[in-house]
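Let's take a friendly walk through a protein model. Have the sequence and the 3D view ready as you read.

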Amino acid sequence: MIKPRSISSYLKLNHLIAILTLLILVSCNSKNTAKKNHLVFKYNEHKNIGSLDPAFSKDLADIWATNQLFNGLVQMDEQLNVIPCIAKDWGISEDALTYSFNLRRDVTFHKHIKFGKDSTRYVTANDFEYSLNRLKDKNVASPGSWVLNKVDSFKAVNDSIFQIQLKQPFPAFLGLLTMKYCSVVPKEIVEYYGSDFRSNPIGTGPFKFKRWEENVKLVFRKNETYFEIDENKNNLPYLEAVAITFLPDKQSEFLQFAQGNIDFVSGLDASYKDEILTVNGLLREQYSNDVNMIRGPYLNTEYLAFFMESESSEMQSLLIRQAVNYGFDRQKMMTYLRNGIGIPAYGGFIPKGLPGYSESIGFTYQPEKSKQLVNQYINETGKTPEITITTTSNYLSFCEYIQKELQKTGLFVNVDVIPASTLKEAKANGKLDMFRASWIADYPDAENYLSLYYSKNFAPNGPNYTHFKSELFDSWYEQAFTETSTSKRETLYTKMDSLVMSNTPIAPMFYDEVVRFTRKEVSGLGINPVNLLDLKRVKKN
């Protein structure tokens, strides 16, 4: 028999054990929660995301998001080499017209109840046939339909072989297939959601869609059945989740990064460039212990364009176009306006980092030469030359710098600032004599840049905004499509770029660089010349 005092002690002991057990459980849960939170990669997208449907992945914000959710036949490594993805290998016919892809048989779609019993299924060649047909469908109206312009036909030979037939040889075709437009999507899920597939995406990627509160937060979770592994045969991805916020301005984004609330910031904005970098482009001391900076070439050429069919005598004058090219110091511009981030454009239109680039075909800073050309124009025409550079507010500082530099040569320079949408429409319709522009590669081949000078691509029906025209250029451009030798094709690219620069329909300003800032605990992010965000190999320590 237990005495009353003993009963009281017994109850107190049990109560104490229960409290200790509860504390241990709470502690374990807290540690697990902290561990899971530590495996969440957080970044901000200030431009918002329009769609999570890869058929509409036109803007970088959309491409970054869909790259986590979807895969295609092939993908690119950080050196822009095309490597296997869902296609484990491929063959190309001798006439370079037929591409046959052998698919992996272990790739499954993210789970969804509409798949039936197993809530998923394996990807087959029929899925790629459906996905590319959808890309062509005029009712879908994908902005990526142009990717298939050179494709004659495609078909699923069987479940694991997918074949594409081209209309003509196109050496850059595999690079085109790496674009998110060409991702595989499941027919039954797309048809179930219709246009709402944009906010209910089901793919095969390293992460799967969890929830999206538009303009507030977007969350992806780890795909536990993802098919790719690392070099040590560990499953990818390493992260548990990706969380994206939508603060609307870069200054607020940087503040969140500085406070450790997000893990990554891309690009160099005027609102914080002097805060984080020295004039020479180095991290300031107060950030060096907590932040890593990664930088490398970006396939983006920033330039001034001259409309070659303008009625303005200045735009028609080779003397004035050359004077502009010689008349401003690109290195100084990069140092003072970009903290040394970016490569002064002494070559042509093809940016550094792409085969075909040549540093010797462009213009260096020669102010006296620029003055001589302006004086020659004045002597020949009897008038003081006047030009107007049209730009958006984001690039006003660059255009004002060039304005001040060029006015030293005797040129009278105006700068006109208009909204981006207005500039886009005006340059497409030949309403601007001279404007600032940029060209970011759609795919990593110099042909993409040179297409801006092919006479059959005149805007508004193509990207030739300057209306540059040369029969010799056109013949070389067409020859490049049938040239199967990589080295000979690259030589052709350089010759075409040199021909463009000798006619000066543009004044290249700089070739951009990708700049990424990450917290020290982030590793494996890497960098690439198309600024694609790939998170499957990212770790947080």
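The report below visits a helix, a set of strands and a single lysine in this predicted model.

## Helix H16

Start with helix H16, which covers residues 486–503. How far apart are its end C-alpha atoms? They are 26 Å apart, and this agrees with the expected span, because 18 residues at 1.5 Å a residue should span 26 Å.

Now look at which parts of H16 are hidden. Its buried residues are Arg 489, Leu 492, Tyr 493, Met 496, Asp 497, Leu 499, Val 500 and Met 501. In an α-helix, residues three or four places apart point the same way, because there are 3.6 residues a turn. The cover over the buried residues of H16 includes helices H9 (318–326), H14 (447–450) and H15 (471–482), along with strand S17 (506–519). Just past the end of H16, Thr 504 has a positive phi of about 45°.

## Strands S8, S9 and S10

Next, find strand S8 (residues 207–213) and strand S9 (residues 217–222), which run antiparallel and are joined by six bridges. One pairing to look for is Trp 212 with its bridge partner Leu 218 in S9. Three residues lie between the two strands of this hairpin, and Asn 215 in the turn takes a positive phi of about 65°.

S9 also pairs with strand S10 (residues 241–245): five bridges join them, and they run antiparallel. Here Phe 220 stands opposite Val 242 in S10.

## Lysine 273

Finally, visit Lys 273 in helix H7 (residues 273–276). Is Lys 273 buried or exposed? Its relative accessibility is 11%, so Lys 273 counts as buried, the cut-off being under 20%. Leaving aside residues up to four places away in sequence, Lys 273 touches Leu 268, Tyr 336, Leu 337 and Asn 339.

Definitions and conventions
Residues numbered from 1 in each chain as written. Predicted model: local features only at pLDDT ≥ 70, side-chain atom pairs only at ≥ 80, totals over all residues. Heavy atoms only, no water. Helix = DSSP H or I, 4+ residues; strand = E, 2+ residues; numbered from the N terminus. Expected span 1.5 Å × (residues − 1). Buried < 20%, exposed > 50% of the residue type's maximum accessible area, 1.4 Å probe, protein only. Contact = heavy atoms within 4.5 Å. Pairing = 2+ DSSP bridges.
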